[in-house]
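Work through the exercises below with the sequence and the structure side by side, and try each task before you read its solution.

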Amino acid sequence: MDKRRKPARKLPDVRLVGRAPVIGVLVGALLGCGSVLAQSVTVTPSLDTSLTWTDNAGAAGGASGGGEADWVFEVSPGISVSRTSGRLNGGLSARLRNLVYADDTDRNSSYLSLQGRGSFEAVEDLLFIDFDAGISRNNLSAFSGGASGDRLSSQRSSETRTWSIAPRLESDLRFGEAAVGAVEYSSRGISSGSDGLGNQNVETLGVRLSDPGGRRFLGWGLAYTRTDSDGGTAESSSRSAETLRGTLFANLSPQFRLRAIGGHESNDYASGRRTSGDIVGAGFDWYPTDRTSITATVEDRLFGRGYNLGLNHRMRRSVWYLSASRDLSSTAQELGPGLTEASGQACLDFVSNPANFPEITDPLDRFQLLLNCIARLTLRSNAAYVNQSLSAGFSLLGVRNTLSFSVSRADRSLVSNISSLLPGTDDFQNTDNVLTTSATVAWSHRLTGTSALDASLTRTNSEGRDSSGLETKRLLASLGLSRQLGPQTQAGLRYRYQKAEGSTDYTENAVTATLGMRF
């Protein structure tokens, strides 16, 4: 068994207040662990430049109307640090983005864009620490502003910063066939340049003890979780929830296992009143082949029927996935590293960068990560809600062509009627129910060994499912050509079209030429 990586498969999210400590931990861990570590660390300085002509310079901010044409020049020095072996694994990619407008100089901006994540085995086979951090400027609102993933979306109000740190004690226990115990603490925080997404924090403490049975017929598991969250505004008071679950496993075969679930939960999500109730559920895990997994869990919860369904199938030249879930959630819990820019092109740029997720070397696994990134729908809110989501997608990989397709649906409902207490820019301020559907198709074709052509199309529709009449439809399409000019130099040319109808109406055509160098 590989002892260098022991990811917690079903751990609660890990969070911490304050971005500086986590970024410092990430950088220090990657660069400051002595000469042995330095020998296996890859540090890559870079310089990215671009020149964009747009016929609607206000589109990135969601400004209505025809807008005015402008030229935008960007120069972004950056650095990437990665390590993929030993007890420390991770990557950090940072760029200082500088955008200069030829005519409307009031739109000029400079800011740090950062994405990093890592895992450290502090004590062998016992203490593990996961951490991540991210800074980006990207519109997360379902109804207002420009399209998610617009490279020119550089307004300070759209800046989102996420960070987390998650220590956990995990060890094999000396009873049963394969007993495992774990104590986990996680802390994740979000801060934003807009009051529509306040400074949110989620802290989770979990204790797990299980012996699934392995080759025995029966197994068992116990899990306790406590979550404390801050909605980010004075009106949205702090919330807490506790769950205790017991699971009985029946291993019908090495590939098929049944689960019976019983437990108890309590929370104060409903207008601050503490409520409690029993958890009753069942599920199964099925692994018909080494490349296919099917899992399903259904439970009766305080908020009604909760479930988590998943299907993953990997073939030699394709990856397929389907997932559906219904559970309590929040923006702080849904956003993660690299997912603050969840659009087709932004996800493609992030996933394709080797400095991000350096431990994922299999191209099929990276394309599955791409689909999961695209499927992550965002919402700008400080409230807790019930999220009923569905996503599906596939990637077909040929010798020269790759085709990816994904569809997503997220139906989010407020746990309690507090919309009138939320900030005016909160997506739940005028509606208690937000439904967002999205579909993305992406295609790439390798023309030669040094050049490639790619295209993507994303359609998103968000609506308030009540009498509010809120609805925003967005369309984003792009066509690009990239060419490797040398071992460390790449150039590209991209055309982009976007259109929005609803709370803001606009269209934009933009052409961007890029030149990037690695040193």
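**Exercise 1.** Which residues make the nonpolar surface patch of about 960 Å²?

*Solution.* Keep in mind from the start that this is a predicted model. The patch is made by Leu51, Trp53, Trp71, Phe73, Val100, Leu447, Leu479, Leu481, Leu493, Tyr495 and Val511. As a next step, place these residues on the strands: strand 1, strand 2, strand 20 (471-486) and strand 21 (489-501) each supply at least two residues of the patch. Leu447, by contrast, has its place in the loop between strand 18 and strand 19 (451-464). A residue needs over 30% relative accessible area to belong to a patch, and Leu447 has 36%, which makes this residue partly exposed.

**Exercise 2.** Describe how strand 1, strand 2 and strand 3 are paired, and find what lies in the turn between strand 2 and strand 3.

*Solution.* Begin with strand 1 and strand 2 (residues 70-83), which pair in the antiparallel sense over 13 bridges; within this pairing, Thr42 stands opposite Ser82 in strand 2. Then move on to strand 3 (residues 88-101), which is joined to strand 2 by ten bridges and runs antiparallel to strand 2. Here Ser80 has Ser93 in strand 3 as its bridge partner. Finally, look at the connection, where four residues lie between strand 2 and strand 3 in a hairpin, and where Gly86 in the turn has a positive phi of about 80°.

**Exercise 3.** Find the sign of phi for Asp125, and say where this residue lies.

*Solution.* Most residues other than glycine have a negative phi. Asp125, however, has a phi near 60°, which is a positive value in a residue other than glycine. Its location is the loop between strand 4 (109-123) and strand 5 (127-137).

**Exercise 4.** Which strands pair with strand 7, and how many bridges join them?

*Solution.* On one hand, strand 6 (residues 159-172) pairs with strand 7 in the antiparallel sense over eleven bridges, and Ser171 stands opposite Gly181 in strand 7. On the other hand, strand 8 (residues 200-211) is joined to strand 7 by eleven bridges, again with the two strands running antiparallel, and Glu184 stands opposite Gly206 in strand 8. As a last step, consider how strand 7 (residues 180-192) is covered: ten of its 13 residues are buried.

**Exercise 5.** Compare the salt bridge of Asp48 with that of Arg188, and decide for each partner whether the residue is buried or partly exposed.

*Solution.* The total count of salt bridges is 26. In the salt bridge between Asp48 and Arg518, the closest N and O atoms are 3.1 Å apart. This pair links distant parts of the chain, with Asp48 in strand 1 (residues 42-54) and Arg518 in strand 22 (residues 506-518), 470 residues apart. The limit for a buried residue is under 20% relative accessible area, so Asp48 counts as buried at 17%, while Arg518, at 35%, counts as partly exposed.

Now take Arg188 and Asp132, whose closest N and O atoms are 2.8 Å apart in their salt bridge. This pair also links distant parts of the chain, since Arg188 is in strand 7 and Asp132 in strand 5, 56 residues apart. Arg188 counts as buried at 5% relative accessibility, and Asp132 counts as buried at 8%.

To finish, note that Asp130, Arg168, Glu170, Glu184 and Arg208 are linked in a network of salt bridges.

**Exercise 6.** Explain why the aromatic pair of Tyr385 and Phe428 is classed as it is, and place the two residues in a nonpolar core.

*Solution.* There are four aromatic pairs. In the pair of Tyr385 and Phe428 the ring centres are 5.8 Å apart and the planes stand at 45°, so the pair is tilted. Tyr385 belongs to strand 16 (residues 385-397), whereas Phe428 lies in the loop between strand 17 (401-414) and strand 18 (433-446), 43 residues apart. Both Tyr385 and Phe428 are buried. They are members of the largest nonpolar core, which has eight residues and also includes Ala142, Phe143, Leu379, Ala383, Leu414 and Val434. Another core lies apart from this one and has six residues, among them Ala60, Val72, Leu99 and Leu152.

Notes
Residues numbered from 1 in each chain as written. Predicted model: local features only at pLDDT ≥ 70, side-chain atom pairs only at ≥ 80, totals over all residues. Heavy atoms only, no water. Buried < 20%, exposed > 50% of the residue type's maximum accessible area, 1.4 Å probe, protein only. Pairing = 2+ DSSP bridges. Phe/Tyr/Trp six-rings, centres within 6.5 Å; stacked < 30°, edge-to-face > 60°. Core = buried A, V, L, I, M, F, W, Y, C linked by side-chain atoms within 4.5 Å. Salt bridge = Lys/Arg side-chain N within 4 Å of Asp/Glu carboxyl O. Patch = residues over 30% accessible without salt bridge, like charges linked within 9 Å, V, L, I, M, F, W, Y side chains within 5 Å. Areas by Shrake-Rupley, 256 points an atom, 1.4 Å probe, with all protein chains shown as cover.
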